[in-house]
Amino acid sequence: MVFSLSAVLVLAIILVVLIRGGSLKAGPAVIAVLFGFFLASTGMADDIQRFLDSIARTLNDIQF
């Protein structure tokens with residue numbers, strides 16, 4: 001759950017920067033947010049969450 005919250009925060013910051021920088025207009029940003037919202041309620045949500053969790057575990061296991 002902690003990763004999900006931080007991922008949402010990072011993606012929100014990126015979205016705000018893209019909108020303010022002019023790279024992304026408000027209309028497509030709203031469509032992207034709505035797509036993510038509705039995608040979260042589909043059957044693919046569990047698979048996507050497992051995929052993101054496995055990426056987080058892999059990054060966590062990397063020794064620098």
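The following exercises, each with a worked solution, concern a predicted model of a protein.

**Exercise 1. Fold and confidence**

Determine how many helices and strands the protein has, and state where confidence is lowest and where it is highest.

Solution.
1. The secondary structure consists of three helices and zero strands.
2. Along the sequence these elements follow the pattern α-α-α.
3. The mean pLDDT of the protein is 83, and 92% of its residues reach 70 or more.
4. Helix α1 (residues 2–21) has the lowest confidence, with a mean of 77, whereas α3 has the highest, at 89.

**Exercise 2. Overall dimensions and surface**

Set the radius of gyration of the protein against that of a compact globule of 64 residues, and describe the surface.

Solution.
1. The rule for a compact globule of 64 residues gives a value near 11 Å, but the protein has 14 Å.
2. Along the principal axes, the C-alpha atoms fill a box of roughly 40 × 35 × 15 Å.
3. Of the 64 residues, 2% count as buried.
4. The accessible surface comes to about 5,600 Å², and 74% of this area belongs to carbon and sulfur atoms.

**Exercise 3. The aromatic pair**

Classify the geometry of the pair formed by the rings of Phe 37 and Phe 38.

Solution.
1. A search of the whole structure finds one aromatic pair.
2. The ring centres of Phe 37 and Phe 38 lie 5.4 Å apart and the planes stand at 75 degrees, so the pair is edge-to-face. The cut-off needed here is a plane angle over 60 degrees.
3. Phe 37 has a relative accessibility of 57% and therefore counts as exposed.

**Exercise 4. The salt bridge**

Identify the side chains that meet in a salt bridge, and give their separation in the helix.

Solution.
1. The count comes to one salt bridge.
2. Its partners are Asp 47 and Arg 50, with an N to O distance of 2.5 Å. This satisfies the criterion of within 4 Å.
3. Both residues belong to helix α3 (residues 44–61); because Asp 47 and Arg 50 are three residues apart there, about one helical turn separates them.
4. Asp 47, with a relative accessible area of 44%, is partly exposed, whereas Arg 50, at 51% relative accessibility, counts as exposed.

**Exercise 5. The nonpolar patch**

State which residues make the nonpolar surface patch, and locate Ile 62.

Solution.
1. The patch covers about 670 Å² and is made by Phe 51, Leu 52, Ile 55, Leu 59, Ile 62 and Phe 64.
2. Ile 62 is placed in the segment after α3.
3. The relative accessibility of Ile 62 is 40%, so this residue counts as partly exposed.

Conventions
Residues numbered from 1 in each chain as written. Predicted model: local features only at pLDDT ≥ 70, side-chain atom pairs only at ≥ 80, totals over all residues. Heavy atoms only, no water. Phe/Tyr/Trp six-rings, centres within 6.5 Å; stacked < 30°, edge-to-face > 60°. Buried < 20%, exposed > 50% of the residue type's maximum accessible area, 1.4 Å probe, protein only. Helix = DSSP H or I, 4+ residues; strand = E, 2+ residues; numbered from the N terminus. Patch = residues over 30% accessible without salt bridge, like charges linked within 9 Å, V, L, I, M, F, W, Y side chains within 5 Å. Areas by Shrake-Rupley, 256 points an atom, 1.4 Å probe, with all protein chains shown as cover. pLDDT = per-residue confidence, 0-100. Rg over C-alpha atoms; globule rule 2.2 N^0.38 Å.
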